[in-house]
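Please load the model in your viewer and keep the sequence panel open beside it. We will go from selection to selection, with a short note at each stop.

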Amino acid sequence: MDPVAVKRAQRELYDAGEYYALSNVLAPAAGVLVEKTGVAAGTDVLDVGAGDGNVATAAARRGAAVMATDLSPEQVQRGVARCRREGLTVDWQVADVEQLPFADRSFSHVLSAFAAVAAPHPEVAAREMFRVCRPGGAVALTAWPPGSFMAELTDAVRRATPADSHSLTRSWSGASRRSPASASRPTPTTSPAPA
Ligand SMILES: C[S@@+](CC[C@H](N)C(=O)[O-])C[C@H]1O[C@@H](n2cnc3c(N)ncnc32)[C@H](O)[C@@H]1O
């Protein structure tokens, strides 16, 4: 399977229709992710595959500086509108988890709820998330339960995707690079970034 086509399908899927029903179902997991990784004032958080901002808004409510990204421009628009409605300050940008448009070590927390797990090349997504996380920070994900329909669907797509074909979608992100920030480092929690 062509990974460009996989990502195009992902983008079209999440661009289309309404998202709030799924967002409501997933919101509790985002709250747990933010809480368990120690997000607080003074941290700076990247939400990868943010959807309409479940992780991003939970982190912003805790006082963190937040950058939210998603492959789908419509999701980004939904997130921008939601943050405006809820009176929260979050920066939003279209970006592919396999090609994050940020400098190395830009964030104290790199979080992704049910999104990075959908990348056709998990090792590339993981490398990117650790690259933009500062040493001593936290990279943490939520994933579909093993054996669930979504887990099996994701695995099937990945098995059918060539391993050597992850260079794509720059035109979808088109985003500027963010300079490394200087926020404080939190205690490592789930997955410490390499020093
Ligand atoms: C199941 S939704 C979860 C959204 C959000 N994190 C939440 O908890 O509500 C998956 C999201 O991942 C995004 N996504 C899929 N592939 C992606 C990729 N390669 N890079 C970034 N985002 C991606 C989709 O556009 C979608 O918004």
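The tour starts with the whole chain and then moves to the ligand, a helix, the core and a few single residues.

**Stop 1: the whole chain**

Show the protein chain as a cartoon, and bear in mind that this is a predicted model. Seven helices and five strands make up its elements. Trace them from the N terminus and you will read the order α-α-β-α-β-α-β-β-α-β-α-α. Of the 195 residues, 43% count as buried. If you draw the contacts with a separation of 6 or more, 77% of them join residues 24 or more positions apart.

Now colour by pLDDT. The chain averages 83, and 82% of the residues score at least 70. Then select residues 166-191: pLDDT stays under 50 there, and the model has 71 contacts beyond four places in sequence for this stretch.

**Stop 2: around the ligand**

Centre on the ligand and show the 23 residues around it. Which of them come nearest? They are Tyr14, Gly49, Gly51, Ala113 and Ala115. Helices α1 (3-15), α2 (20-36) and α3 (54-61) are the elements that each give two or more residues to this shell. Colour the shell by class and you will find twelve nonpolar, seven polar and four charged residues.

**Stop 3: helix α5**

Select residues 122-131, which form α5, and show the side chains of Ala125, Glu128 and Met129, the buried residues of this helix. Look down the axis: these three lie on the same side of α5, because they cover an arc of only 100° around it. A reminder of helix geometry helps here: with 3.6 residues a turn, positions three or four places apart in an α-helix point the same way. To see what the buried residues of α5 pack against, add strands β1 (44-48), β4 (107-113) and β5 (133-142).

**Stop 4: the core**

Next, turn to the largest nonpolar core, which has 44 residues. Nonpolar side chains tend to be buried together in soluble globular proteins. Highlight Val55, Ala59, Val66, Val110 and Ala116, the members that touch the most others in this core. Zoom in on Ala59 and leave aside residues up to four places away in sequence: Ala59 then touches Val34, Val39, Val45, Asp47, Ala64 and Val66.

**Stop 5: two pairs that are far apart in sequence**

Select Thr43, in the loop between α2 and β1. Is Thr43 buried or exposed? It is buried, because 25 other C-beta atoms lie within 10 Å, and the cut-off for buried is 20 or more. Now add Phe107, which is 64 residues away along the chain, and check the C-alpha separation of 7.9 Å.

For the second pair, go to Lys36 in helix α2. Lys36 counts as exposed, with 12 C-beta neighbours inside 10 Å. Draw a C-alpha to C-alpha line to Ala140: the two residues are 104 apart in sequence and 9.4 Å apart in space.

**Stop 6: two positive phi values**

Most residues other than glycine have a negative phi. Two residues on this last stop have a positive one.

- Arg105 has a phi near 60°. Look for Arg105 in the loop between β3 (91-94) and β4, where it counts as partly exposed, with 16 C-beta neighbours inside 10 Å.
- Phe114 has a phi of about 55°. Phe114 sits in the loop between β4 and α5 and counts as buried, with 22 C-beta neighbours inside 10 Å.

Methods: Residues numbered from 1 in each chain as written. Predicted model: local features only at pLDDT ≥ 70, side-chain atom pairs only at ≥ 80, totals over all residues. Near = placed C-beta within 6 Å. Helix = DSSP H or I, 4+ residues; strand = E, 2+ residues; numbered from the N terminus. Nonpolar A, V, L, I, M, F, W, Y, C, P; charged D, E, K, R; others polar. Arc of directions from axis to C-beta. Contact = placed C-beta atoms within 7 Å. Core = buried A, V, L, I, M, F, W, Y, C linked by C-beta atoms within 7 Å. pLDDT = per-residue confidence, 0-100.
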